[in-house]
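Here are some notes for a colleague opening this structure for the first time. They are best read with the model on screen.

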Amino acid sequence: MKKRMLGALALSLSLLSACGDGNSPAPTPQPNPQPTPQPVPTPIDFSKLKTLKPGQQDTIRTRLKVNIVFVGYRQTSPGQIATARQINTGDFKEILPKSYEAIARIPSSYGREEPTGNAFDYQYNYVFADKGFEDSFFDYLGKNGKAAPVTVYQQLYNCQNDLDPDTGNPTCKTPSPNINRVVDSNYEIDARGTEDWLADHVSQVGVKPGEYTIFMVNWYDRPDFKLHSYTRVDAADSDTGAPFGTKSSRRLIAWGGSVRPSKSAQRIWFYDLSANPDPWTNGYDVSNPDVDGDGVADYRMPPIWEYGTRKASLGFGRKVSPDLALVTRYVALNLLFTPSPIYRAALTPPQLPEEIALDVHVEQGTGAVLQGKVYKPDLAQSRIAPLQPFTKFTTTVKETPLNGSLADVYKCFFVDPSKPADICSPEYYDATGEKLFQYSVKELRQEYAATPATKYLLPIYLFNDQANTQPGLLGIAYDDSETGTQSFVYSFLTPDLNNAGYGFTDTSVHETGHHLSLSHPHDGYDSEQNISYGPSGPYLFANVGDESATVMSYNDLSRDFGQFNLDSQYRYLSAAYLNNTNAILELSRRASQEGKVAVAATSADALFAQAQSSYDAMDYLAAAKSAHEGYRTVLDAAKTAGVAVQPYKWYENLNGLSLNKGKPAYSRTFLPQKGAVIFPEENTFQRSKRLGR
């Protein structure tokens, strides 16, 4: 034992001796040698770009989740037969599209399909609300409405064909025998409040706020059901104050897409077949197959209680499940959530404008209502500006008398084309509008002579007529009749239209919305089927798209562009900035200036990658902002390098196509047609809806 201890002591002394005396400083640890940073090579060409594709038309493709939430509907049990009012999600899977690719509809109608650069792969999420959610929602409806008189359209439903032949008013003393229940009461509920409630409680059905969500509502099969309709009673014309929201024709079964400040983007649309019956789609008429009189049977949805009826009516043999799937595809998806624009969002490719001047020409008829009473230019500009958020807006207003040669070309616009002696330009395809178009082109060219290349003149003509010289058209956004490029915005006002409650402000905002790309929410394009369609024939139910928050609707219930509009526009802009950047890079390469633009292109490439991330996250404004920054980075570098980047000047590139030369695919009806088609601004049936009681 003693020997072992001595041995251990000797070993310890030996170790201490080897380590020093304990008073010496500890050796300083030496850092591991780090590799010398290598400088990032300065790009000299476009070969390393990952997002940008010089000279190519590219597409921003994204996976888009769409929630379909059933409230008050029951799912068919496995192995059971679906009854008329039950939901079988197999109907949806059979009818709904897998994807969508947007096109610029009017340019595409000239013979060459023109994609916008936006594509979607849909992911559907089917949700059946639980009893707790349903109880809360229907309790909200029951407590937040008020009793109101039965509307004239509800009376028309009760009477069906028993009408006064002169006035069209219902005259029946007893209800029609072919309806399934009498509408003998009416409980009115605010549509916007209902939309907000659903948005505030969407997480209760497992849906993330800000996702595209359709609520399919059925209150009918509950003991607390009330015959009801939705309203926007505070909606009024901006100039006249006409209370459009109080009209019976504006009673709703659907609503959504409102912009809600300080909240998540509100991408909610609800559709309630247990409401009304719907006046806007003639859902109150369950007897007549052709309600718009064009000789083609019209498909529309009756009230929920008509489904499964054995009576000889619209509901015979119908099941609600496939009908809700049709509404999802041809209204919610194609017209509201992911629509195709009618015009390019890129106004002057490849150099896009830095300033948009609303160039307003008021053509004032002698004795017509004063301009100041029917047009608010500052208000119009403030509502239009969000569609081009990175562009400066200005407005100029010029007033000239509606007389002389201007009055002549204006009257030509409204002549009856069936009377050859009255046609002003028979040698042109646009036989009635050609002279007004040429008059406007001449004036625009004169104004552009003193306008910088970065400024875009958006020509708006307001014809304030002192006489009722036309049948009731409020406005139209013209193209150039050669390439499908947007040209002039025309708005019209007559004493009859003014007496009906209309001024110029809301109409000009609507038509300028067209000019800047946006379509109506009742006519559109289905990309998988390659068809254009509107509210007529097999798609008359598409008129329910107007029951949403947008000034692009025909029901006069919104003054602004809604969330669905803004989402679409910012997506179009993101793709426009991407593809015009690609074009500028190709111009730089052809000008042998690739090396001088390469550094900017690399920076822009990162910005477009960031734009794609924001786009996928549904932050579409942020995506457009990053894309705009990338575009400007490349444009500025190309300009500095002396690359000739010029805006497209459509008004200088007109060849005056005659009737015997090329023409676009144009339809005078809203019946479906293959490919891209130019639809009318409105037809007689649409006008009757807008002017309805």
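1. Helix α15 and what follows. The model is a predicted one. Just past α15 comes M618, which has a positive phi, near 65°. The helix itself covers residues 594-616. Its 23 residues should span 33 Å at 1.5 Å a residue, and the C-alpha atoms at its ends are 30 Å apart, so the two values agree. The helix has a kink of about 30°, with A600 at its centre.

2. The buried side of α15. Which residues of α15 are buried? They are E594, V597, A598, A600, A601, A604, D605, L607, F608, A611, S614 and Y615. A600, the centre of the kink, is therefore one of the buried residues, with buried meaning under 20% relative accessible area. The buried residues of α15 pack against strands β1 (60-71) and β5 (115-128) and against helices α14 and α16 (620-640). As background, an α-helix has 3.6 residues a turn, so residues three or four places apart point the same way.

3. Helix α16. For the 21 residues of α16, a rise of 1.5 Å a residue should give a span of 30 Å; the end C-alpha atoms are 30 Å apart, which agrees. Buried in this helix are Y620, A623, A624, S626, A627, H628, G630, Y631, V634, L635, A637 and A638. The packing partners of the buried residues of α16 are β1, β8 (212-217), α14 and α15. Just after α16, G642 has a positive phi of about 85°.

4. D567 in helix α14. Helix α14 spans residues 563-590, and D567 lies in it. Is D567 buried or exposed? Its relative accessibility is 2%, so D567 counts as buried. Leaving out residues up to four places away in sequence, D567 touches Y212, R267 and Y620. Y620 is one of the buried residues of α16.

5. The open sheet. Five strands form an open sheet in the order β13-β12-β14-β16-β15, and the pairing is mixed. At the edges stand β13 (392-401) and β15 (475-479); each has a single partner strand, so one side of each has no neighbour in the sheet. On average, neighbouring strands of this sheet are turned by 20° against each other, direction ignored.

6. Inside the sheet, and the helix across it. How do β14 and β16 pair, in the parallel or the antiparallel sense? Strand β14 (residues 455-464) and strand β16 (residues 486-493) pair in the parallel sense, over 5 bridges. Y461 has Y490 in β16 as its bridge partner. Helix α11 (residues 434-448) lies across β12 (355-364), β13, β14, β15 and β16, and runs at about 140° to β14.

7. Aromatic pairs. How many aromatic pairs does a search of the whole structure find? It finds 52. In one of them, F70 and F128 are stacked, with 4.7 Å from centre to centre and 25° between the planes. F70 belongs to strand β1 and F128 to strand β5, so this pair ties together parts that are 58 residues apart in sequence. F70 is buried, with a relative accessible area of 0%, whereas F128, at 26% relative accessibility, counts as partly exposed. W219 and F225 form an edge-to-face pair, 5.9 Å centre to centre with 85° between the planes. Both W219 and F225 are buried.

8. R63 in strand β1. R63 lies in β1 and is exposed, with a relative accessible area of 60%. Setting aside neighbours within four places in sequence, R63 is in contact with D121 and Q123. From R63 to T348 there are 285 residues along the chain, and the C-alpha atoms of the two are separated by 30 Å.

9. P149 in a loop. Where is P149 found? P149 sits in the loop between β6 (145-148) and α5 (152-159). At 68% relative accessibility, P149 counts as exposed. Apart from neighbours within four places in sequence, P149 is in contact with Q154 and N186. P149 and A623 are 474 residues apart in sequence, and their C-alpha atoms are 48 Å apart in space.

Key
Residues are numbered from 1 along each chain as its sequence is written. This is a predicted model: local features need pLDDT of at least 70, side-chain atom pairs count only at pLDDT 80 or more; totals for chains, interfaces and linings use all residues. Side-chain values use heavy atoms; hydrogens and water are left out. Two strands pair if DSSP finds at least two bridges between them. Helices (H or I, at least four residues) and strands (E, at least two) are DSSP runs, numbered from the N terminus. Axes are lines fitted to C-alpha atoms, for helices over the stretch in contact, and angles run from 0 to 180 degrees between N-to-C directions. Contact means heavy atoms within 4.5 Å. Buried means under 20% relative accessible area, exposed over 50%, partly exposed in between (1.4 Å probe, protein chains only). The expected span of a helix is 1.5 Å times one less than its number of residues. The bend at a residue is the angle between axes fitted to the seven residues ending there and the seven starting there. Rings of Phe, Tyr and Trp (its six-membered ring) pair if their centres lie within 6.5 Å; planes under 30 degrees apart count as stacked, over 60 as edge-to-face and the rest as tilted.
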